[in-house]
Amino acid sequence: MVAGNLRLSVLVLTMLVLAGCESLSTGSFQMPDIFDRSDSDETVVKRNIPFPAEEYARLEKNGTSAVQGRLTYETSAGQTLIGAGETVSVAPATRYAAEAADVALSGRKIEPADPRAREYTHYAKTDDNGYFVVRNVPAGVFYVAGSVLLPGGESRSPIIIKQIELGKGQTRDVDLSR
């Protein structure tokens, strides 16, 4: 149960969005709201877990590890969509992130993350073939997340989240597909 909640938290933080083939700084990068999968009249779920500043203070913001992979989504009709030009996020697996992941995976929208959490999330933008590389990630457990724009350009795939563990200086391959 704890591992499931941790995975969801990491997923949610990860969903804060990665951005592509080049790592982007975490500072002023404006993340798309990938959790917004509903009509404008849908209620936004309030966070129950306040931002745990002490938990985040124990985490490193940057490191020597990397995450690389490809973002794809298979439609119910069997069509594989390439996540070209999408943002992918790598966020530490915390209880705060797990809560957001739980909500996002249920198809609902959660209120935006505290800006302090974004300081620990790394982003990359995918290239035209859906490949991404996120560099300067510290060692630890993370959620890698993204979604794909569906044909017609008005809706997105369900969020795709994978939990990974990175060692210091390690490069991890992630098949970010669903």
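These are my notes on the structure above, point by point.

1. Ground rules first. This is a predicted model, where local features need pLDDT of at least 70, side-chain atom pairs count only at pLDDT 80 or more, and totals for chains, interfaces and linings use all residues. Residues are numbered from 1 along each chain as its sequence is written, and side-chain values use heavy atoms, with hydrogens and water left out.

2. On confidence: pLDDT is the predictor's confidence in each residue, from 0 to 100. The protein chain averages 82, and 76% of the residues score at least 70. Residues 1–41 are the part to watch, with pLDDT below 50, although this stretch has 169 contacts in the model beyond near neighbours in sequence (a contact means heavy atoms within 4.5 Å).

3. The overall layout has four helices and nine strands, taken as DSSP runs numbered from the N terminus (helices H or I, at least four residues; strands E, at least two). Along the sequence they follow the pattern α-β-α-β-β-β-α-α-β-β-β-β-β. Of the contacts between residues at least 6 apart in sequence, 80% join residues at least 24 apart.

4. Buried residues make up 46% of the 178 in the chain; here buried means under 20% relative accessible area, exposed over 50%, and partly exposed in between (1.4 Å probe, protein chains only). The largest nonpolar core has 18 residues, and Val-67, Val-90, Phe-132, Val-134, Val-144, Ile-164 and Leu-176 have the most contacts inside it. Strands 2, 4, 6, 7, 8 and 9 each supply at least two residues of this core. Another core, of nine residues, lies apart from it and includes Ala-97, Ala-104, Tyr-143 and Ala-145. (A nonpolar core is a set of buried Ala, Val, Leu, Ile, Met, Phe, Trp, Tyr and Cys residues joined through side-chain atoms within 4.5 Å.)

5. Strand 7 deserves a look: five of its seven residues are buried. It runs antiparallel to strand 4, with four bridges between them, and antiparallel to strand 8, with seven; strands count as paired if DSSP finds at least two bridges between them. On the strand 4 side, Phe-142 of strand 7 is the bridge partner of Pro-92, while Val-141 stands opposite Glu-165 in strand 8.

6. Helix 3 (residues 95–105) is largely enclosed by the rest of the structure, because eight of its eleven residues are buried. Glu-99 is among those buried residues, along with Tyr-96 and Val-103. Just after the helix, Gly-107 takes a positive phi of about 85°.

7. There are five salt bridges, meaning a side-chain nitrogen of Lys or Arg within 4 Å of a carboxyl oxygen of Asp or Glu. Glu-54 pairs with Arg-95 at 3.4 Å, linking helix 2 to helix 3 across 41 residues. Lys-61 and Glu-119 meet at 2.7 Å, N to O; both sit in loops, so the pair ties together parts that are 58 residues apart in sequence. Arg-116 and Asp-114 come to 2.9 Å, with Arg-116 partly exposed at 40% and Asp-114 buried at 19%. Glu-54, Glu-55 and Arg-95 are joined into one network by salt bridges that share partners.

8. One last spot is Gly-169, in the loop between strand 8 and strand 9. Gly-169 is partly exposed, at 46% relative accessible area. Leaving aside neighbours within four places in sequence, Gly-169 is in contact with Thr-64 and Ser-65.
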